[in-house]
Amino acid sequence: MLDESSFPLLGIPGWPGRRGLTITGGTGPAPRSAIHSYLAGDTRRSPAAVVFGQSSERDQSEAVRRNLLDPTGRPEYVESLGARALTVQVDGVPVRAVLESWSEPRLRTARFGWRGYLVAVGSWELPLDAAFFASLGSLEPPR
């Protein structure tokens, strides 16, 4: 059974659009990885989207990019243009994040630690700015 104490999930509380969640197991009895998506519209072809990858075991950055670039009309390949580190507020706590720039300017990604988990977040056509990071918080566990 998944609960908040065994797997706290970071996301966007109160998101007005659609949301999907996939949780996979790890080496222990509790789920250890999650990929969840937020769409501004009704389908995966929505112009704006946010994808979170969260794991206690490995970086989910590649899975996040794959989920964002999967819909038709988006590029299959993007090239990293570099990264920069900065401190942002996540769930009311300052965290050190790494933001990466891409050859496709509509793609934005970041990586940071949160409550002992590695979190990768990517967006398509939505800024990953201070207001975005400040809007993040713990989600209610799935029932």
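## Two voids around strands S6 and S7

In the second largest pocket, the lining splits into five nonpolar, two polar and four charged residues. Keep in mind that this is a predicted model. The pocket holds about 160 Å³ of space. Its lining is made up of Arg-84, Leu-99, Glu-100, Ser-101, Trp-102, Glu-104, Pro-105, Leu-107, Arg-108, Thr-109 and Leu-128. Strands S6 and S7 each put in at least two of those residues, and S6 has the largest share, with four.

Now for the closed space. There is one cavity of 30 Å³ or more, and its volume is about 30 Å³. Ser-61, Arg-65, Glu-100, Thr-109, Ala-110, Arg-111 and Ala-120 line it. Here S7 (107–114) gives the most, three residues, while helix H1 (61–69) is also on the list of elements that supply at least two. Glu-100 and Thr-109 turn up in the cavity lining and again in the pocket lining.

Here are the two spaces next to each other:

| Space | Volume | Nonpolar lining residues | Polar lining residues | Charged lining residues |
|---|---|---|---|---|
| Largest cavity | about 30 Å³ | two | two | three |
| Second largest pocket | about 160 Å³ | five | two | four |

So much for the spaces; what about the strands around them? S6 (residues 93–102) and S7 run antiparallel, with four bridges joining them. One of the pairings puts Leu-99 across from Ala-110 in S7. Leu-99 is a pocket-lining residue, and Ala-110 lines the cavity. The link from S6 to S7 is a hairpin through four residues.

On to the next strand along. How many bridges join S7 to S8? Eight do, and this pair is antiparallel too, with S8 covering residues 117–124. Trp-114 sits opposite Tyr-117 of S8. The S7–S8 hairpin has two residues between the strands, and Arg-115 in that turn shows a positive phi of about 50 degrees. Ala-120, one of the cavity-lining residues, falls within the range of S8.

Finally, the helix. Which residues of H1 are buried? They are Ser-61, Ala-63, Val-64, Arg-65, Leu-68 and Leu-69. Ser-61 and Arg-65 from that set also line the cavity. The buried residues of H1 pack against S6, S7 and S8, as well as strand S3 (33–39) and strand S4 (49–55).

Note on methods: Residues numbered from 1 in each chain as written. Predicted model: local features only at pLDDT ≥ 70, side-chain atom pairs only at ≥ 80, totals over all residues. Heavy atoms only, no water. 1 Å grid on protein atoms, 1.4 Å probe; cavity = no way out; pocket = protein on both sides within 12 Å on 5 of 7 lines; lining within 4 Å. Points joined across faces, edges and corners; volume = space filled by probe spheres on them. Nonpolar A, V, L, I, M, F, W, Y, C, P; charged D, E, K, R; others polar. Pairing = 2+ DSSP bridges. Buried < 20%, exposed > 50% of the residue type's maximum accessible area, 1.4 Å probe, protein only. Contact = heavy atoms within 4.5 Å.
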